[in-house]
Amino acid sequence: MMPFASTRSSVQIDHALLAPDSHINSRLPGWTNTEGIILISPHLGSMTRARFSQYLAVMQVGARAAPPLAGIERFVFVLEGEIELRTERGTVQLLPGGYAFLPADSEHSMEAISAARINLFEKPYCARDGVDGPPMVIGQEDQMESVEFLGDPDLLLRALLPDTPSFDMAVNIMHFNPGATLPLVEVHVMEHGLLMLQGQGIQRLADSWYPIEQGDAIWMAPYCPQWFVAMGKEPARYLLYKDMNRDPLTGVKN
């Protein structure tokens, strides 16, 4: 039990650590028999606002998902249980590690076949002149190729979405063997949402260092300095969202 009135969660102007000890469940509009935990949303941040949402949906058997708002693309990653996904391509079952990218305004439905827990990323789709919109993608994490990140065999990346101009987001799995680190302190224009899937480590965010573990979520604003090292005796894995493939002036108003 955490000491009275303490938490590992921290919310700053350009980053946030959201630990399970501070989670509050709420209803998700239109979902049935489901409790939601909103991790990241445009309400977060004061130097810059988050431009996407990340949330957990804890579904009872038979629970049904509501569609996203108009113009919103959705990425679903199953953490626990089994989900039945119905789309124009047919019906598939998503087990732990299963995922689906659903383009904005694509018709689909999701139902929990067993008690399930899923992570969702949602954002307005940003169209690109002369480029078709992205296709639906359905896959399984362990069937995707792992590649060394910047030549480090102890740091592996699995890209869950194609890196093509149609996609304005990327979702990756980062795998760190014990003691592995990011090779540099990253500072870049891309915004991140992160969910720790396994293990533990130390995460640098701006000028702070945080111990993080399975179940933690992190928001990183553009240009927030970031770095990670895996600690302990087991690998560390996290699910990572970022925006990409768009001009940095897109959406900027004079």
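Which strands make up the open sheet of three, and in what order do they sit? In this predicted model, the order is β17-β16-β19, and the pairing is antiparallel. The edge positions go to β17 (208-213) and β19 (226-231); each has a single partner strand, so one side of each is left without a neighbour in the sheet. From one strand to the next, the twist averages 20 degrees.

**Around β16 and β17**

Let's stay with that sheet for a moment. Strand β16 covers residues 200-205, and six bridges hold it to β17 in the antiparallel sense. If you want a pair to click on, take Leu205, whose bridge partner in β17 is Ser208. The loop between β16 and β17 contains Ala206, and its backbone is worth a look: phi is near 55 degrees, a positive value in a residue other than glycine. Ala206 counts as buried because its relative accessibility is 14%, and the cut-off for buried is under 20%.

Asn245 also has a positive phi in a residue other than glycine, here near 65 degrees. You'll find Asn245 in the segment after β20 (236-243). With 25% relative accessibility, Asn245 counts as partly exposed.

**The run from β3 through β4 to β10**

Now to another set of paired strands. Strand β3 (residues 34-40) is mostly covered, with five of its seven residues buried. Its antiparallel partner β4 (residues 53-59) is joined to it by six bridges. One pairing to look up is Thr34, which has Met59 as its bridge partner in β4. As for β4, six of its seven residues are buried, so this strand is largely enclosed by the rest of the structure. Strand β4 is also joined to β10 (residues 116-124), again antiparallel, by seven bridges. Here Leu56 has Asn119 as its bridge partner in β10.

As background, side chains in a regular strand alternate between the two faces of the sheet.

After β4 comes a loop that leads to β5 (72-80), and Ala66 is found there. Ala66 is buried, at a relative accessible area of 8%. Ala66 and Asp152 are 86 residues apart in sequence, and their C-alpha atoms are 41 Å apart in space.

**Salt bridges**

How many salt bridges does the structure hold? The count is 14. Three of them are set out here, with the N to O distance for each pair.

| Pair | N to O distance |
|---|---|
| Glu122 and Arg74 | 2.7 Å |
| Arg86 and Glu84 | 2.4 Å |
| Arg237 and Glu141 | 2.6 Å |

Take Glu122 and Arg74, which form a salt bridge. This pair links distant parts of the chain, with Glu122 in strand β10 and Arg74 in strand β5, 48 residues apart. Glu122 is buried at a relative accessible area of 12%, and Arg74 counts as buried at 1% relative accessibility.

The side chains of Arg237 and Glu141 also meet in a salt bridge. Arg237 lies in strand β20 and Glu141 in the loop between β11 (137-140) and β12 (147-149), so this pair ties together parts that are 96 residues apart in sequence. Arg237 counts as buried at 16% relative accessibility, and Glu141 counts as buried at 10%. Elsewhere, Arg64, Glu84, Arg86 and Glu111 are joined into one network by salt bridges that share partners. Within that group, Arg86 is partly exposed at 31% relative accessibility, whereas Glu84 is buried with a relative accessible area of 14%.

**Cysteines and a surface patch**

How many disulfides are there? With the rule that the two cysteine sulfur atoms must be within 2.5 Å, the count comes to zero. Among the cysteines, Cys126 counts as buried at 18% relative accessibility, and Cys224 counts as buried at 1%.

On the outside, which residues make the nonpolar surface patch of about 360 Å²? They are Val185, Val187, Val189 and Tyr223. Of these, Val189 is found in the loop between β14 (169-176) and β15 (192-198). Val189 counts as partly exposed because its relative accessibility is 40%.

Conventions
Residues numbered from 1 in each chain as written. Predicted model: local features only at pLDDT ≥ 70, side-chain atom pairs only at ≥ 80, totals over all residues. Heavy atoms only, no water. Patch = residues over 30% accessible without salt bridge, like charges linked within 9 Å, V, L, I, M, F, W, Y side chains within 5 Å. Areas by Shrake-Rupley, 256 points an atom, 1.4 Å probe, with all protein chains shown as cover. Salt bridge = Lys/Arg side-chain N within 4 Å of Asp/Glu carboxyl O. Helix = DSSP H or I, 4+ residues; strand = E, 2+ residues; numbered from the N terminus. Buried < 20%, exposed > 50% of the residue type's maximum accessible area, 1.4 Å probe, protein only. Pairing = 2+ DSSP bridges. Axes fitted to C-alpha atoms, helices over the stretch in contact; angles between N-to-C directions.
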